[in-house]
Amino acid sequence: QEIDLLSKNVSNKKEYKINSLMTVFSGEIDSHIVVFAHSNIGKTFASSMATILCTHFNPSCLIFTGVAGGLIDDIKIGEVVIVDKVIDYEMDCRSFRLPFNPDYSHSIGEIPFLNIGSHYKSDSNLVSLATTAISECSVPSRVGSIATGSEFMSLERKKELSPVWKSTNINPVAVEMEGSAVAQICTSFDVPFLLIRSISDNMQGDASDDFNAFVQKAADNAFHVLSYILKK
């Protein structure tokens with residue numbers, strides 16, 4: 001949905017067919033050159049698309065938008081989360097011991113040997129700009145952390161994994177399926193990034209029903225923020 005809105009608002013649009021499942025577009029918004037694509041669902045597709053963008057289009061920054069399921073009681077459907085930190089909660093090497101430092105204990109999200117920590121941080125300048133954009137767009141929002149995995153979660157499943165959310169040590173307000181993969185690739189290529197997630201379901205209803213009913217609203221809210229950032 002975000003791509004549909006962006007596509008309608010660019011001029012001089014060009015299409016780059018990467019393969020049967022991946023297409024990249026470029027165009028202009030307010031004299032700014034933008035490159036955009038639909039990543040498809042899941043960490044593998046998202047990291048693949050991020051790699052393509054970083055290696056073939058030399059972006060000054062990468063903004064990744066989409067939807068997420070709320071994990072806290074007071075988060076609202078349609079609310080925009082400007083993500084400051086993201087963690088891959090499925091990366092769990094806590095039982096692994098380094099041969100040269102057997103006393104060291106890894107955290108959830110931490111990849112052995114890389115020394116890059118357990119989570120990834122969005123670019124602070126982009127977070128600040130997005131926060132200003134939200135305030136001027138009158139869209140309900142918050143700055144917060146999210147968790148990434150490979151499971152579309154029902155309300156029951158979110159509650160079941162409550163101990164996992166607590167063990168991440170970043171207090172995630174939402175969960176989704178791509179963010180940490182994009183962040184990892186951007187970190188690898190030293191490309192500043194920002195994740196923007198709109199809440200499509202919360203802790204008061206069935207995730208599948210809420211997602212289908214509110215995904216367009218979530219996409220609209222994210223696009224408003226994205227448009228503001230591009231104009232700045």
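The following questions and answers concern the pockets, strands, helices and loops of a predicted model.

Reader: What volume does the largest pocket have, and which residues lie nearest its centre?
Author: The largest pocket is lined by 50 residues. The space in this pocket comes to about 1,300 Å³. Nearest its centre lie Ala37, Ile63, Phe64, Thr65 and Gly66.

Reader: Which element supplies the largest share of the lining of the largest pocket?
Author: Elements that each supply at least two residues of this lining are α1 (2-8), β3 (32-37), α2 (43-56), β4 (62-70), β8 (174-176), β9 (193-201) and α7 (207-231). The largest share is eight residues, and the strand that gives them is β4.

Reader: How many residues of the lining of the largest pocket are nonpolar, polar and charged?
Author: Glycine counts as polar in this division. Gly66, one of the residues nearest the centre of the pocket, is therefore placed in the polar class. By class, the lining has eight charged, 11 polar and 31 nonpolar residues.

Reader: How many residues of β4 are buried?
Author: A residue is buried when its relative accessible area is under 20%. Strand β4 is mostly covered. Of its nine residues, the number that are buried is seven.

Reader: In what sense does β4 pair with β9 and with β8, and which residues are the bridge partners of Gly66 and Gly70?
Author: With β9, β4 pairs in the parallel sense over eight bridges, and the partner of Gly66 in that strand is Arg197. With β8, the pairing of β4 is antiparallel and runs over two bridges. There, the bridge partner of Gly70 is Ala174.

Reader: How many residues of β1 are buried, and which residue of β2 stands opposite Tyr16?
Author: Strand β1 covers residues 11-17 and is hardly covered, with a count of buried residues of zero. It pairs with β2 (residues 23-29) in the antiparallel sense over five bridges. The two strands form a hairpin with five residues between them. Opposite Tyr16 in β2 stands Val24.

Reader: What distance separates the end C-alpha atoms of α2, and what span should the helix have?
Author: Helix α2 has 14 residues, and the rise taken for each residue is 1.5 Å. The expected span uses one less than the number of residues, so α2 should span 20 Å. The end C-alpha atoms agree with this, since they are apart by 20 Å.

Reader: Which residues of α2 are buried, and against which elements do they pack?
Author: The buried residues of α2 are Lys43, Ala46, Ser47, Met49, Ala50, Ile52, Leu53 and Cys54. These buried residues pack against strands and a helix, namely β2, β3, β4, β5 (80-88), β7 (141-148) and α6 (179-188).

Reader: Which residue just after α2 takes a positive phi, and of what value?
Author: Most residues other than glycine have a negative phi, and most peptide bonds are trans. Just after α2, a positive phi is taken by Asn58, at about 45°.

Reader: What phi values do Asn169 and Asn171 have, and are these residues buried or exposed?
Author: Asn169 lies in the loop between α5 and β8, and Asn171 lies in that loop as well. Neither is a glycine, yet Asn169 has a positive phi of about 70° and Asn171 one of about 50°. The cut-off for exposed is over 50% relative accessible area. Asn169, at 62%, is therefore exposed, and Asn171, at 62%, is likewise exposed.

Reader: What volume does the second largest pocket have, and which element gives the most to its lining?
Author: The second largest pocket has a volume of about 150 Å³. Its lining consists of Leu71, Ile72, Lys158, Lys159, Ser162, Trp165, Lys166, Asn171, Pro172 and Met203, which divide into five nonpolar, two polar and three charged residues. Both α4 (155-160) and α5 (162-167) supply at least two residues. The element that gives the most, with three residues, is α5.

Reader: Is Glu136 buried or exposed, and how far in space is it from Lys121?
Author: Glu136 has its place in helix α3 (residues 124-137). Its relative accessible area is 53%, which means that Glu136 is exposed. Glu136 and Lys121 are 15 residues apart in sequence, and their C-alpha atoms are apart in space by 24 Å.

Conventions
Residues numbered from 1 in each chain as written. Predicted model: local features only at pLDDT ≥ 70, side-chain atom pairs only at ≥ 80, totals over all residues. Heavy atoms only, no water. 1 Å grid on protein atoms, 1.4 Å probe; cavity = no way out; pocket = protein on both sides within 12 Å on 5 of 7 lines; lining within 4 Å. Points joined across faces, edges and corners; volume = space filled by probe spheres on them. Helix = DSSP H or I, 4+ residues; strand = E, 2+ residues; numbered from the N terminus. Buried < 20%, exposed > 50% of the residue type's maximum accessible area, 1.4 Å probe, protein only. Pairing = 2+ DSSP bridges. Contact = heavy atoms within 4.5 Å.
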